[in-house]
Structures are given as structure tokens and as C-alpha cells.
Amino acid sequence: MKYSKIVILSILLIVSILFLTPFFIDFNNTNNNQIFNTGKLSVEKTEDKNIVAYNYKNEKGKLIYSWTFDKNKIENHEKINLDMDFESEILSKAINVEDNVKILSFDHEGLLPNNTRVKVYVGDKFNENDKINIYYFDEDIEILKYKKSYTVDNMGYIEINLEHCSDYLLTVNIIETAVNNPAHMSFVIFVLLALIILLIGVSLFSSNGK
């Protein structure tokens, strides 16, 4: 009877692992390798009562990236440099930049107005519905820090909420050397849930054995 309980508890633990694992693994790790060429960008300003946007388009009229601000939060803010590159010498030297990543290097330095949004075309690297993990590079300590995850829309864009400018790295993968990785938290949750299930099983068998 003792061994049968151990077997059943082992089965419960294995089932819990099999059940929870899909929540923490992204099997959709592909990109479409489309040709991406910003060319010479032109900027177009649009605004309404509450917001103002600056849309950067290439020579074919395709939107490459845009900035959107709340009017009441940008009026008294210091001048913002809206230029952005898709290469970063600092980031390239700090880490091994692979083909399946996209770099956003902002020229502006310092804080941004609250609720600043940057929309970026990422369809050259990623597919619709891909979950993109965004990391920013902390130059003071020379380390990548996880910021947030976004999903690519059906036009190949993501829209990021920015508080400050830096060099950002976009990838569908988890960068193990980065700080604040979602994978670390997922693993902790995974272990806790597995232990809870195991403890419940032990408690049930102990009650039945009395």
C-alpha cells in the first residue's frame, strides 16, 4: 500500500508538470525574413483635440515607426529627439546579436512624457501574433533588463509604451543573461503550483490512511 501511494503521487506530479509546461513554453519561434529597408524617411504630423502623432514613412509611403503623445503632457515638456535607428554599436558589442532579433536605438536621452507610445514595424523579423519580449540596455551596469512583452498585430506592428529612451532589443526568445526575465517568474510559479498539487495529494492520502 505504501508503494502504491508513492506511485500515485508520482503520477500526480508528472501530470501537473505536463499540464503546466505549455503555459511557459513558446513553440511559435519563426520569422518571415522579409526584406526591410527604411530608405529615406519622411515625417508626417497628425493631431486631434487630445493627441499628436509623428509618423515616419519610407519612400514607398510605408509607416516604419511613429510617436504618439498626449497633448496635455507634451506641451510643457523639453524638446524630444524623435530620430531612431535599427542598429546599435553599444548593444552589438555588449551581446551576441542574432538574426532573429530587432534593435531599436533611440537618439533621445532622458525621460519622456507620460503615456508616450511608439509604434514600430517589426514584420521584417517577426510574424503576426508572435509574442515579442522587449529588453532595454542599461549602460550604467552594461546589462539587459526585461521590460515587457507585446504581440505583433496583423499588419506587422507593435506599439510600445515608453517611459525613457535607450537601446532596446526585441526577440521571441528569452535572454537568459538578462535581468527580470519572465521565464524566471514562470519557473517560480511552476514550482509552487507543482508543490501545491503534491501537498494536496499527500494530505488526501494521509486523511484516507487514518
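This is a short talk on the aromatic pairs, the salt bridges and one serine in a predicted model.

Hello everyone, and thanks for coming. Please keep the structure open while I talk, and remember that we are looking at a predicted model.

Let's begin with the aromatic rings. How many aromatic pairs does a search of the whole structure find? The count is nine. I'll pick out two of them.

One is made by Trp67 and Phe69. Their ring centres are 5.8 Å apart and the planes meet at 10 degrees, so this pair is stacked. An angle under 30 degrees is what counts as stacked here. If you look for these two residues on the model, you'll find that Trp67 is buried and that Phe69 is buried as well.

My other example is Tyr121 with Tyr157. Here the centres lie 5.3 Å apart, but the planes stand at 65 degrees, so we call the pair edge-to-face. Where do Tyr121 and Tyr157 lie? Tyr121 is in strand β6, residues 111-121, and Tyr157 is in strand β9, residues 157-164, so the pair ties together parts that are 36 residues apart in sequence. Both of these tyrosines are buried.

These two tyrosines also have lysines for company. The charged end of Lys62 sits over the ring of Tyr121, 4.1 Å from the ring's centre. Over the face of Tyr157 you'll see Lys119, at 5.0 Å from the ring centre.

Before we leave the rings, try colouring six residues together: Tyr54, Trp67, Phe69, Phe106, Tyr136 and Tyr168 form one aromatic cluster. Trp67 and Phe69, our stacked pair, are among its members.

Now to the charges. How many salt bridges are there by the rule used here? The count comes to eight, and I'd like to show you a few.

Take Arg117 and Asp70, whose side chains meet in a salt bridge with N to O at 3.1 Å. This pair links distant parts of the chain, with Arg117 in strand β6 and Asp70 in strand β3, residues 63-70, and their positions 47 residues apart. Are Arg117 and Asp70 buried or exposed? Both are buried.

Lys145 and Asp138 make another salt bridge, at 3.0 Å from N to O. Both of those residues are buried too.

Then there is Lys147 with Glu163, where the closest N and O atoms are 2.8 Å apart. Lys147 belongs to strand β8, residues 143-151, and Glu163 to strand β9, so this bridge ties together parts that are 16 residues apart in sequence. Lys147 is partly exposed, with a relative accessible area of 22%. Glu163 is partly exposed as well, at 44%.

There is also a little group to find: Lys45, Glu47 and Lys71 are linked in a network of salt bridges.

Last stop, a single serine. Ser88 lies in the loop between β4, residues 84-85, and α3, residues 89-94. Why do we call Ser88 buried? Its relative accessible area is 5%, and buried means under 20%. Which side chain does the side chain of Ser88 touch in a polar contact? The partner is Asp167, at 2.5 Å. If we leave aside neighbours within four places in sequence, Ser88 is in contact with Ile103, Ser105 and Asp167.

That's my tour. Do have a look around the model for yourselves, and thank you for listening.

How values were computed:
Residues are numbered from 1 along each chain as its sequence is written. This is a predicted model: local features need pLDDT of at least 70, side-chain atom pairs count only at pLDDT 80 or more; totals for chains, interfaces and linings use all residues. Side-chain values use heavy atoms; hydrogens and water are left out. Rings of Phe, Tyr and Trp (its six-membered ring) pair if their centres lie within 6.5 Å; planes under 30 degrees apart count as stacked, over 60 as edge-to-face and the rest as tilted. Buried means under 20% relative accessible area, exposed over 50%, partly exposed in between (1.4 Å probe, protein chains only). Helices (H or I, at least four residues) and strands (E, at least two) are DSSP runs, numbered from the N terminus. A charge sits over a ring if NZ of Lys or CZ of Arg is within 6 Å of the ring centre and within 35 degrees of the ring normal. A polar contact is a pair of N or O atoms within 3.5 Å; within protein, one must be able to donate a hydrogen and the other to accept it, and residues adjacent in sequence count only if both atoms are side-chain atoms. Contact means heavy atoms within 4.5 Å. A salt bridge is a side-chain nitrogen of Lys or Arg within 4 Å of a carboxyl oxygen of Asp or Glu.
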